[in-house]
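Thanks for coming. Please have a look at the sequence and the model, and then I will go through some of its features.

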Amino acid sequence: MTDFYYPRTQSGKSAILPPVPWHYSGELITLEYRTDADAVAALLPEGFELADEDPGAVAAIWADWQSCSDDFNEILDPVRCQYKEMFIVIRCKYKGKHYSRCAFIWVDKDFAILRGQHQGYPKKLGAIHMSRPVTLGKAGPRLEAGGKFGVTLAAYDRRLAEGVFTITDTAEKPGFVNGLPMAHNRWYPAIETNGTDSLSEVVTMSGFDGQMGRCFKGDFDLTYFPSPVEELVDLPVREKIGGYWHEVAVSWRAGTTLSRKTLPDFP
């Protein structure tokens, strides 16, 4: 398949996204906390409910990724494979089954935006930064007790979030909020812009060939800042659960449609 995404040409060379599968390797900082369950409920679209347990649990996640397609040519052209993202994960229930769900997400590359929107992630453009661990010198934290990492998010010239994570010990896994299959909506407004959608689906997905690497837990501080076009301040930290630095690898090929609205007939 040479024409997975637009622009579609005979060669497929110009497409923003290469054909699947897509492979990911990354380092993540996950900060889990509890907020008001009503604030989480306000983010759930029609058909979704709060999770039965810990309905106010939230994960704020910073990630530094390398990703590539099956021919791996992006690895030798790093600008096409390296990107960062920050995203907010909540938990929910759809048709009696529990899922994780990405409520907000920012990335810093165009291919990551379009790839995520194909999967139902509501990706937007932002500036994301996170401290890198080092093994030599003094210009970075160590992956050991006392190692201290900073994370920041900005968009539209405004800082939206900042945090500090401090390692206390090793961990077996990086929390639980982002530990279920994802359930997302894929929406595309009709060109008539009359309030109807040309595409309206609920989809789920999970990866394959997943691997978990080193994982460390610790304490954190997290602050959100107001913005005229963002809503992070509506998810304040009421109780900290735990912070994690961890390594992840996964591949993705396809998702599954859970429901699809029937579109009206057009003249």
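In helix H2, the buried residues are Phe 111, Ala 112, Ile 113, Leu 114, Arg 115, Gly 116 and Gln 119. Buried here means under 20% relative accessible area, exposed means over 50%, and partly exposed is in between, with a 1.4 Å probe and protein chains only. Helices (H or I, at least four residues) and strands (E, at least two) are DSSP runs, numbered from the N terminus. H2 covers residues 110–119, and because 7 of its 10 residues are buried, the helix is largely enclosed by the rest of the structure. Ala 112 is in this helix, and with 0% relative accessibility it counts as buried. Its C-alpha is 9.5 Å from that of Gln 82, although the two are 30 residues apart in sequence. Just after H2, Gly 120 has a positive phi of about 95 degrees.

I should say what kind of model this is. It is predicted, so local features need pLDDT of at least 70 and side-chain atom pairs count only at pLDDT 80 or more, while totals for chains, interfaces and linings use all residues. Residues are numbered from 1 along each chain as its sequence is written, and side-chain values use heavy atoms, with hydrogens and water left out.

pLDDT is the predictor's confidence in each residue, from 0 to 100. The protein chain averages 96, and 97% of the residues score at least 70. Where is confidence lowest, and where is it highest? It is lowest in strand S11 (residues 197–205), with a mean of 95, and highest in strand S8 (residues 148–155), at 99.

Now the overall picture. The protein chain has 2 helices and 14 strands. Its C-alpha trace spans about 65 × 45 × 35 Å along the principal axes. For 267 residues, a compact globule would have a radius of gyration near 18 Å, and the 19 Å of this chain agrees with that. That radius is taken over C-alpha atoms, and the globule rule is 2.2 Å times the number of residues to the power 0.38. Of the 267 residues, 44% are buried.

Next, charged pairs. Side chains of opposite charge can pair when their charged atoms come close. A salt bridge is counted when a side-chain nitrogen of Lys or Arg is within 4 Å of a carboxyl oxygen of Asp or Glu. How many salt bridges does a search of the whole structure find? It finds 13.

One of them joins Lys 123 and Glu 85, at 3.4 Å from N to O. Lys 123 is in strand S6 (residues 123–125) and Glu 85 is in strand S4, so this pair links distant parts of the chain, 38 residues apart. Both residues are buried.

Arg 186 and Glu 201 form another salt bridge, at 2.9 Å from N to O. Arg 186 belongs to strand S10 (residues 182–189) and Glu 201 to strand S11, with their positions 15 residues apart in the numbering. Glu 201 counts as buried, at 4% relative accessibility.

A further salt bridge is between Asp 219 and Lys 240, at 3.0 Å from N to O. Asp 219 lies in strand S12 (residues 208–224) and Lys 240 in strand S13 (residues 239–252), so the pair ties together parts that are 21 residues apart in sequence. Asp 219 is partly exposed, at 43%, and Lys 240 is partly exposed as well, at 38%. There is also a network of salt bridges that links Arg 34, Asp 54 and Glu 239.

On to the cysteines. A disulfide is a pair of cysteine sulfur atoms within 2.5 Å, and by this rule the count is 0. Cys 92 is in no disulfide, and the nearest cysteine sulfur, that of Cys 102, is 11 Å away. Cys 92 is buried at 0% relative accessible area, and Cys 102 is buried at 4%.

Last, the backbone. Which peptide bonds are cis? The one from Tyr 6 to Pro 7 is cis, with omega near -5 degrees, and so is the one from Val 20 to Pro 21, with omega near 5 degrees. Pro 7 is in the segment before strand S1 (22–34), and Pro 21 lies in that segment too. Lys 95, in the loop between S4 and strand S5 (97–107), has a positive phi near 50 degrees and is not a glycine. Lys 95 is exposed, at 63% relative accessible area.
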